[in-house]
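Work through these exercises with the structure in view. Try each task before you read its solution.

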Amino acid sequence: MPCAHITRRQASTLVLALLAPQAGGAFAQKSASVALSGVMGGKALLVVNGAPKTLGVGDVHAGVKLVSVSAQDAVVEVEGKPVQLTLGGTHVNLGGGSSEGSGSRIVLTAGSGGHFITRGSINGKSVQFLVDTGATSVAMSQAEAERIGLKYKDGQMGVSNTANGQVMMYRTKLSSVRINDVQVFDVDAAVLVAPMDMVLLGNSFLTRFQMKRENNLLTLDKKS
């Protein structure tokens, strides 16, 4: 059976109908979410219903079976149907429609150099984030702001102190910031008139969460 491929600009998280055993051997359907959060050697770090679980090829957890894994993606099987997941992206259902982003937990795996990098979206537009606890707000370059259609020039102008000295910036507000199935609204941001490789995921987003780091895993639990 051909596998349904979900590109990076689409999603790495799927809402799937999983079969849950009940008393007497009967089964009933329940909605669940599955995300590919990281790859460690020959194993995949999946986030199932908001909880991280490391699986090797052939392992099964909560009705999800890991079929294969590579450096950037993995194939899981649910109810006999294979689905290919890639790192990062937004949450969609199996039919391709977007979910409401009602999740409450983000689990990230450190990459090279110990940095936490993930795909996500700003106002529905795909971006690449770098977690930066030293940044006051979500920050991006002027070029990135223009790429995603952000009307940053309506914001207040100011000056930002960076490692390369002071640069001009615009203060603005983001309607939504989303990673996997977790979304927050009205997030303060800064648009810098300077080149930047990625969008910095700063404290205007991070303070909405309880943060916990264990070895190479960073867990963000949304505050109530």
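**Exercise 1.** Which residues form a nonpolar patch on the surface? Place Val193 and classify its exposure.

*Solution.* Keep in mind that this is a predicted model.
- Step 1. The patch consists of Met157, Val159, Met168 and Val193. Together they have about 330 Å² of accessible area.
- Step 2. Find Val193 in the loop between S17 and S18.
- Step 3. Buried means under 20% relative accessible area, and exposed means over 50%. Val193 has 39% relative accessibility, so it counts as partly exposed.

**Exercise 2.** Describe the largest nonpolar core and the elements that supply it.

*Solution.* Start with a general point: in soluble globular proteins, nonpolar side chains tend to be buried together.
- Step 1. The largest nonpolar core here has 30 residues. Those with the most contacts inside it are Ile122, Val138, Met140, Leu174, Leu201 and Phe205.
- Step 2. Several elements each supply at least two residues of this core, among them strand S11 (105-109), strand S16 (165-179), strand S17 (182-192) and helix H2 (203-206).
- Step 3. The largest share, 5 residues, comes from S17.
- Step 4. Another core, of 13 residues, lies apart from this one. It includes Val34, Ala44, Val78 and Val83.

**Exercise 3.** Which residues does Leu201 touch, not counting residues up to four places away in sequence?

*Solution.*
- Step 1. Begin with Phe129, Leu130, Val131 and Asp132, which are among the residues that Leu201 touches.
- Step 2. Add Val138, Val177, Ile179 and Leu206 to complete the list.

**Exercise 4.** How many salt bridges does the count come to? Trace the one between Arg105 and Asp221.

*Solution.*
- Step 1. The count comes to 5 salt bridges.
- Step 2. The side chains of Arg105 and Asp221 meet at 2.6 Å, N to O.
- Step 3. Arg105 lies in strand S11 and Asp221 in strand S20, so the pair ties together parts that are 116 residues apart in sequence.
- Step 4. Arg105 has 34% relative accessibility, so it counts as partly exposed. Asp221 has 25%, so it is partly exposed too.

**Exercise 5.** Take the salt bridge between Asp188 and Lys173. Where do its partners lie?

*Solution.*
- Step 1. The two side chains meet at 2.7 Å, N to O.
- Step 2. Asp188 lies in strand S17 and Lys173 in strand S16, 15 residues apart.
- Step 3. Asp188 is partly exposed, at 38% relative accessible area. Lys173 counts as partly exposed at 46%.

Notes. Residues are numbered from 1 along each chain as its sequence is written. This is a predicted model: local features need pLDDT of at least 70, side-chain atom pairs count only at pLDDT 80 or more; totals for chains, interfaces and linings use all residues. Side-chain values use heavy atoms; hydrogens and water are left out. A nonpolar core is a set of buried Ala, Val, Leu, Ile, Met, Phe, Trp, Tyr and Cys residues joined through side-chain atoms within 4.5 Å. Buried means under 20% relative accessible area, exposed over 50%, partly exposed in between (1.4 Å probe, protein chains only). Helices (H or I, at least four residues) and strands (E, at least two) are DSSP runs, numbered from the N terminus. Contact means heavy atoms within 4.5 Å. Patches are made of residues with over 30% relative accessible area and no salt bridge: like charges are joined within 9 Å, nonpolar side chains (Val, Leu, Ile, Met, Phe, Trp, Tyr) within 5 Å. Accessible areas come from the Shrake-Rupley method with a 1.4 Å probe; for residues, only the protein chains shown count as cover. A salt bridge is a side-chain nitrogen of Lys or Arg within 4 Å of a carboxyl oxygen of Asp or Glu.
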